[in-house]
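Please look over the model below before reading on. The paragraphs after it go through its strands, its helix packing and a few single residues.

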Amino acid sequence: MRRARATCWISLAAFGQLLLTTAAHAQTAAPMTAPVAAPPAVAAPPPGAPLPPPYGGYPPPQLTQPMMPRPVAGPFVRLTTDNMNGRLQVMRMKWTNVCAAPCEVAVDPNGVYRIGGGTVRPSEEFRMPRPAGNVLIDTQTGSTVKHWVGFGMILGGLGAVLAGALVYSVAPSENSQTDVFGDVNNSTRNFDHTVGITYIVIGALVAAIGIPLSMSSTSVTVR
């Protein structure tokens, strides 16, 4: 009888210990955390604006999106020339080079153009024949050096002609000089006439050579 009672008390003690252990675990359980809110959406930057650095300043500033210039909408030009120094130039407060042959670029249809550059004698001003499409510019260039050399030769030749005419005109006449025997001295007169004629002939030749040189110019055909 006593053994049965002891067994019952042991069972009750074990059951009570089990209840205490379960309650302790329930009290020490980790509390539930609140749900994490999603980060707010970032609006996309407008077109052409620099991209913001995403993480710690990366990428560096030089890798941000650049502002791209608008492409030129105009006629597509091809240039042919007999002188590789020739340039297509446009008036922008002053004459500015656009391209060298063969060019093959789109240009402003409203611009004022010419052919020039280096020693090339500038051509007359011209405009594009159409606002779009292909435009062929064919040029035969003149030389600025030839132009000014020819101009100088014309001035020098005319000066020589005038000097020769002056020497010829002041030569003594037949009755102006006589020797001790009363004969006319023709040697001085003949020498002056020879010098004057020589100057006139040489000056005329130099001026004749200088005239075509001074007319060196650049011709342009636009089509």
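What follows starts with the sheets and then turns to a disulfide, a helix and a loop residue.

This is a predicted model, in which local features need pLDDT of at least 70 and side-chain atom pairs count only at pLDDT 80 or more, while totals for chains, interfaces and linings use all residues. Residues are numbered from 1 along each chain as its sequence is written, and side-chain values use heavy atoms, with hydrogens and water left out. Helices (H or I, at least four residues) and strands (E, at least two) are DSSP runs, numbered from the N terminus.

Two strands are said to pair if DSSP finds at least two bridges between them. One open sheet has three strands in the order β3-β2-β5, and its pairing is antiparallel. Since β3 (94-100) and β5 are the edges and each has a single partner strand, one side of each is left without a neighbour in the sheet. Direction ignored, neighbouring strands here are turned by 40° against each other on average; such angles run from 0 to 180 degrees between N-to-C directions, with axes that are lines fitted to C-alpha atoms, for helices over the stretch in contact.

Within this sheet, β2 and β3 run antiparallel and are joined by six bridges. One bridge partner pair is M91 with W95 in β3. The hairpin of β2 and β3 has one residue between the strands, and M93 takes a positive phi near 70° there. Strand β2 (residues 87-92) is also joined to β5 by four bridges, again antiparallel. Here R114 in β5 stands opposite Q89.

The other open sheet described here has four strands in the order β4-β1-β6-β7, with mixed pairing. Its edge strands, β4 (103-106) and β7 (219-222), each pair on one side only. The average turn between neighbouring strands of this sheet is 20°, direction ignored. Six bridges connect β1 (residues 76-81) with β6 in the parallel sense, and L79 has I137 in β6 as its bridge partner.

How many disulfides does a search of the whole structure find? It finds one, a disulfide being a pair of cysteine sulfur atoms within 2.5 Å. C99 and C103 are the two residues joined, with an S to S distance of 1.9 Å. Their link is right-handed, with 90° about the S-S bond. C99 and C103 are both buried, where buried means under 20% relative accessible area, exposed over 50%, and partly exposed in between (1.4 Å probe, protein chains only).

Helix α3 (residues 187-214) has 28 residues, which at 1.5 Å a residue should span 40 Å, and its end C-alpha atoms are 40 Å apart, in agreement. The expected span is 1.5 Å times one less than the number of residues. The buried residues of α3 are R189, D192, G196, G203, A207, G210 and S214. Those buried residues pack against α2 (144-169). An α-helix has 3.6 residues a turn, so residues three or four places apart point the same way.

The last stop is R121, in the loop between β5 (113-116) and β6 (134-140). Is R121 buried or partly exposed? With a relative accessible area of 24%, R121 is partly exposed. Leaving aside neighbours within four places in sequence, R121 is in contact (heavy atoms within 4.5 Å) with I115, G142, S143, T144, H147, S216, S217 and T218. The C-alpha atoms of R121 and T144 are separated by 4.6 Å, although these residues are 23 residues apart along the chain. The side chain of R121 also reaches the backbone oxygen of S216 at 3.3 Å.

Note on methods: Polar contact = N/O pair within 3.5 Å; in protein donor to acceptor, adjacent residues only side chain to side chain.
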